[in-house]
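This report looks at the salt bridges of a single model and where their side chains sit.

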Amino acid sequence: MNKYNQNLLSLYIHWPYCESKCPYCDFNSHVNEKINEIEWIKSYKNQLLAMKEELIQNNINFRHLDTLFFGGGTPSLMPLKIVENIIDISKKIFGFKKNIEITLEANPSSYENKKFIKFKQIGINRISIGAQSLNNKYLKFLGRLHNIKDVKIALNDASEIFDNVSVDLIYAFHGQKIHDWTSELESFLNSSNLQHLSLYQLTIEEGTKFFKDHKNGIIKLIDNDKAAEFYNISNKVLSEFKFSKYEVSNYAKKGFKCKHNLNYWKSGNWIGVGPGAYGRLWSSNKHRNRIEYQNYKNPKTWLSKNLLQPKFEKITKLNTKVSDIDTLTMGLRLYEGLEISKINNLSVINFKSLCELQKKNIVTFKDDTLKINKKHMIKLNSILDYLINY
Ligand SMILES: C[S@@+](CC[C@H](N)C(=O)[O-])C[C@H]1O[C@@H](n2cnc3c(N)ncnc32)[C@H](O)[C@@H]1O
Ligand code: SF4
């Protein structure tokens with residue numbers, strides 16, 4: 001068994017539907033439509049069975065799923081029967097580790113108390129709520145269907161039902177005042193019982209409504225200095241509330257880091273099932289190659305292609321260079337850094353740049369661990385560009 005097979009094994013399930021499409025979002029999400037539950041369960045099942053075979057082929061221990069993540073789209077809109085079937089089938093096929101983490105993303109607007117309780121009963125033990133903003137004006141700007149009151153109700157109930165609650169927020173956009181943001185964040189943290197928080201600075205993604213608006217001058221971007229100011233002050237507030245930052249956008253109370261995402265950042269093995277989902281496994285050959293399984297993106301195409309027998313859109317052997325670049329770019333997102341022995345061919349690192357970054361105290365390289373020093377994490381992308389021989 002190779003080194004990577006000692007990592008966690010994760011399963012990602014993609015649900016592609018939402019109540020409406022948010023103007024900033026380039027995820028594979030489509031406005032809700034009528035679906036046939038039996039057909040969806042069948043297609044998920046076919047793919048799960050196919051992936052068990054792939055794990056066996058690649059000599060990966062398949063009898064221990066460490067994490068399962070329902071992402072989207074809006075998986076809280078999924079019919080319970082589908083979620084329940086996926087959990088049961090996965091448990092039968094792979095087996096669950098005793099302390100498996102099972103997360104489901106939920107929107108406050110699709111929130112129903114009864115559904116939360118049911119989700120808990122069928123095995124979900126971590127809920128991630130897409131609050132996105134703590135201000136009604138900005139919730140409107142972000143095209144969200146919920147308001148602050150909905151966020152509060154959803155969070156109160158979620159924390160009564162689940163021991164592990166996470167919230168997603170988007171910040172650092174044009175017109176937002178730093179003082180307003182910090183006071184909203186402080187009063188939110190004072191009044192809620194959370195274990196995990198993801199703070200994303202707004203990015204303008206190609207193909208979204210915001211992209212067009214930006215091109216037409218309707219939406220402006222904030223400059224790098226302002227973005228850094230937002231970033232640093234948010235870190236300060238979160239640490240005052242005993243959240244430790246462990247990744248460029250993620251904060252957790254002690255013992256509540258997201259195990260599923262950690263497995264991505266540490267380049268573990270994961271299976272991706274559902275429209276547009278992709279998975280990556282380390283192949284069993286001597287070279288440290290990875291195999292990527294890519295699913296059909298369009299929900300209807302995915303469903304029909306997988307209904308009778310599993311069918312991936314593409315299965316690619318990633319070469320060593322691609323794998324190494326991925327291991328570096330993902331690993332350096334973590335505050336704890338990356339074990340350099342995970343890199344197969346070190347020529348992917350530009351050592352002249354590395355020495356300069358070390359001299360300037362931007363990165364630290366010690367005892368097999370390379371890490372970006374905390375206060376420079378905001379410049380992650382430009383550091384990666386400088387460090388990596390693409
Ligand atoms: C799969 S999405 C959302 C899950 C859920 N449907 C929701 O909207 O809450 C995961 C997260 O990515 C973040 N996100 C998506 N697009 C973004 C963008 N353009 N800029 C910053 N954050 C973004 C949002 O915080 C979102 O909660
Ligand atoms: S942000 Fe969430 S709710 Fe909005 S379109 Fe994207 S996946 Fe759907």
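Does Arg333 count as buried, exposed or partly exposed, and at what relative accessibility? Arg333 counts as partly exposed, because its relative accessibility is 25% and the partly exposed class runs between 20% and 50%.

The model is predicted. Nine salt bridges are found in it, and three of them are listed here.

| Salt bridge | Closest N and O atoms |
|---|---|
| Arg333 with Glu247 | 2.5 Å |
| Arg280 with Glu292 | 2.7 Å |
| Asp326 with Arg280 | 2.8 Å |

**Arg333 and Glu247.** In this salt bridge the closest N and O atoms are 2.5 Å apart. The two residues belong to distant parts of the chain, 86 residues apart: Arg333 is in the loop between helix H11 (320-331) and strand E15 (338-339), while Glu247 is in strand E9 (residues 244-247). Glu247 has a relative accessible area of 1% and is therefore buried.

**Arg280 and its partners.** Arg280 forms a salt bridge with Glu292. This pair links strand E12 (residues 278-282), which holds Arg280, to strand E13 (residues 290-294), which holds Glu292, across twelve residues. Both Arg280 and Glu292 are buried.

Arg280 also meets Asp326 in a salt bridge. Because Asp326 lies in helix H11 and Arg280 in strand E12, the pair ties together parts that are 46 residues apart in sequence. The relative accessible area is 17% for Asp326, which is buried, and 10% for Arg280, likewise buried. Through shared salt-bridge partners, Arg280, Arg290, Glu292 and Asp326 form one network.

How values were computed. Residues numbered from 1 in each chain as written. Chains lettered and ligands numbered in written order. Predicted model: local features only at pLDDT ≥ 70, side-chain atom pairs only at ≥ 80, totals over all residues. Heavy atoms only, no water. Salt bridge = Lys/Arg side-chain N within 4 Å of Asp/Glu carboxyl O. Helix = DSSP H or I, 4+ residues; strand = E, 2+ residues; numbered from the N terminus. Buried < 20%, exposed > 50% of the residue type's maximum accessible area, 1.4 Å probe, protein only.
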